[in-house]
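The following exercises are to be worked with the sequence and the model at hand. Please attempt each task before reading its solution.

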Amino acid sequence: MNRLTEHLIVISFDCLSSLDFPIIEHLPNFRKLLKTASYCKNVETIYPSVTYPCHATIVTGNLPNRHGIINNTLLQPGRHSPDWYWHRSHIQGTTLYDEAKRAGMKTAALLWPVTAKANIDYHMPEIFANRPWLNQITVSLLNGSFFYQLDMNRRFGHIRKGLSQPELDDFVLESAVHTIHAKRPNLMLIHFTDLDTQRHLHGFSSSEAHAALIRHDKRLGRIIDALTTTGVYENTTLIALGDHSALDESKAIKINGLLKEHGLLHINERGKVDAWKAYCKSCDGSAYIYLQDDNDLLTKDAILSLLQELLDHKENGIENIMTGKEAAKRGADPHAAFMLEARQGFYFHESWEGNFIDEITETDVIEKRYTHAAHGYSPEKEDYTTVFIASGKGIRKKQIIPTMHLADEGPTLAKLLGIHLGETDGKVIDIIFKR
Ligand SMILES: [Zn+2]
């Protein structure tokens, strides 16, 4: 296949929504990008619409049931802070960065989800120190490019304040700018989470979220400047995209409390899960219910009647109940017994303590028990689409794609690099390419 560009820079602005488009199109750097861009304002996301499955879809072109990243975090019943799908090894099949590397290209990734221990040349993975005895810098170093990350930390580590935003994105930005200058990667994946963080903490349309959009515009400008001063801008394709949107919520649903009440989840005197027949695994706006034993039809039937009773009363916050099979048809985990969709204004929480529904207060959010906005909802929810913008080498100007799917991004980006992801759920968006 013909390669259409020398350098492909993919910037993921986590939680960038179609509803942000009227704002960003008036910000100076997005405006500059859009002048020469083809774009889609209505990108349908995947189900469940959470960050890790979304980013795995972007680099594989496949839905979660095929690439294997079916949630952000692993099923670890009762663990207060479950581990995330950090590692590349969780992804089934090939990825954009693997194929680029195989074709002899120089690759870089900064905080791109599900890349830990991937074969990427300049690599700072997104991974947290999730045990008290682990140190953040050591965990990052051991799961990405050791010396490259040491160098980035030596140069820009002073900017960072742990995982807090906007400092983390500012650190990622400085590392990206330096990497463009010093390494000139052919494929670079960058993941910024400032906007997503502000929305979780302050709400979808908060002034804090708006300020994050303005910071993102400045970050985009710095990257464009870096490409220009390095002399590679003319040979670069720049992609700006989002992974999902978010919806405000004010009530948390605690299915595990109900499972506990019915003897399907057992909590010991130290407050830990010591046995379970069924467990609700939250994806925020949606939730899976898993059975310890898939053949336990008695438990499955009992849960279904409990859920149906909940569904009958709007105040319980359940909009839809799917079987695992139905969830799988929509791209979600086929191994779940059930999948639930929350009504607007609600989201799922894994706790089993207290009331079945909690009204969320400001204190809850400040103390990090709950959030003000969540993702993970069904792509069918209204005003829930995201954005894809492509500009630069190989891209036609002002081609407007009416609608597309997040899974179309992988094969489309692969075509730009002249590589192939195999048969994918998504399809190439040909309209954007120069002939
Ligand atoms: Zn996200």
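Four exercises with worked solutions follow.

The model is predicted: local features need pLDDT of at least 70, side-chain atom pairs count only at pLDDT 80 or more, and totals for chains, interfaces and linings use all residues. Residues are numbered from 1 along each chain as its sequence is written, and side-chain values use heavy atoms, with hydrogens and water left out.

**Exercise 1. Describe how helices α8 and α10 pack.**

Step 1. Locate the helices, which are DSSP runs of H or I with at least four residues, as strands are runs of E with at least two, numbered from the N terminus. Helix α8 spans residues 167-183 and helix α10 residues 207-230.

Step 2. Determine the geometry. The axes lie 9 Å apart at an angle of about 15 degrees. This makes α8 roughly parallel to α10, a term for angles under 35 degrees. Axes are lines fitted to C-alpha atoms, for helices over the stretch in contact, and angles run from 0 to 180 degrees between N-to-C directions.

Step 3. List the contacts (heavy atoms within 4.5 Å). On the α8 side, the residues include Leu173, Val177 and Ile180; their counterparts in α10 include Ile223, Ala226 and Leu227. By class, the contact of α8 with α10 has six nonpolar, four polar and five charged residues. Here Ala, Val, Leu, Ile, Met, Phe, Trp, Tyr, Cys and Pro count as nonpolar, Asp, Glu, Lys and Arg as charged, and the others, Gly among them, as polar.

**Exercise 2. Identify which parts of the chain are tied together by the salt bridge of aspartate 20 with arginine 199.**

Step 1. Apply the criterion: a side-chain nitrogen of Lys or Arg within 4 Å of a carboxyl oxygen of Asp or Glu. The closest N and O atoms of aspartate 20 and arginine 199 are 2.7 Å apart.

Step 2. Place the partners. Aspartate 20 lies in the loop between β1 (7-13) and α1 (21-24), and arginine 199 in helix α9 (residues 194-202), so the pair ties together parts that are 179 residues apart in sequence.

Step 3. Assess burial (buried: under 20% relative accessible area; exposed: over 50%; partly exposed: in between; 1.4 Å probe, protein chains only). Aspartate 20 and arginine 199 are both buried. The buried residues of α9 also include Asp194, Leu195 and His200, and their cover includes α8, β5 (187-192), α10, α14 (362-366) and β16.

**Exercise 3. State whether glutamate 319 and lysine 381 are buried, partly exposed or exposed.**

Step 1. Confirm the pair: glutamate 319 forms a salt bridge with lysine 381, with closest N and O atoms 3.2 Å apart. Glutamate 319 belongs to strand β12 (residues 318-323), and lysine 381 to the loop between β16 (373-374) and β17 (386-392), 62 residues apart.

Step 2. Read the accessibilities. Glutamate 319 is partly exposed because its relative accessibility is 38%, whereas lysine 381, at 9%, is buried.

**Exercise 4. Find the backbone features in the loops at proline 48, proline 166, leucine 111 and valine 114.**

Step 1. Examine omega. A cis peptide bond joins tyrosine 47 and proline 48, with omega about -5 degrees; another joins glutamine 165 and proline 166, with omega about 10 degrees.

Step 2. Examine phi. Leucine 111, not a glycine, has a positive phi of about 55 degrees, and valine 114 has a positive phi near 60 degrees.

Step 3. Place these residues. Leucine 111 is in the loop between β3 (107-110) and β4 (122-124), as is valine 114. Leucine 111 is buried at 6% relative accessibility, and valine 114 is buried at 0%.

How values were computed:
Parallel < 35°, antiparallel > 145°, perpendicular 65-115°, else oblique.
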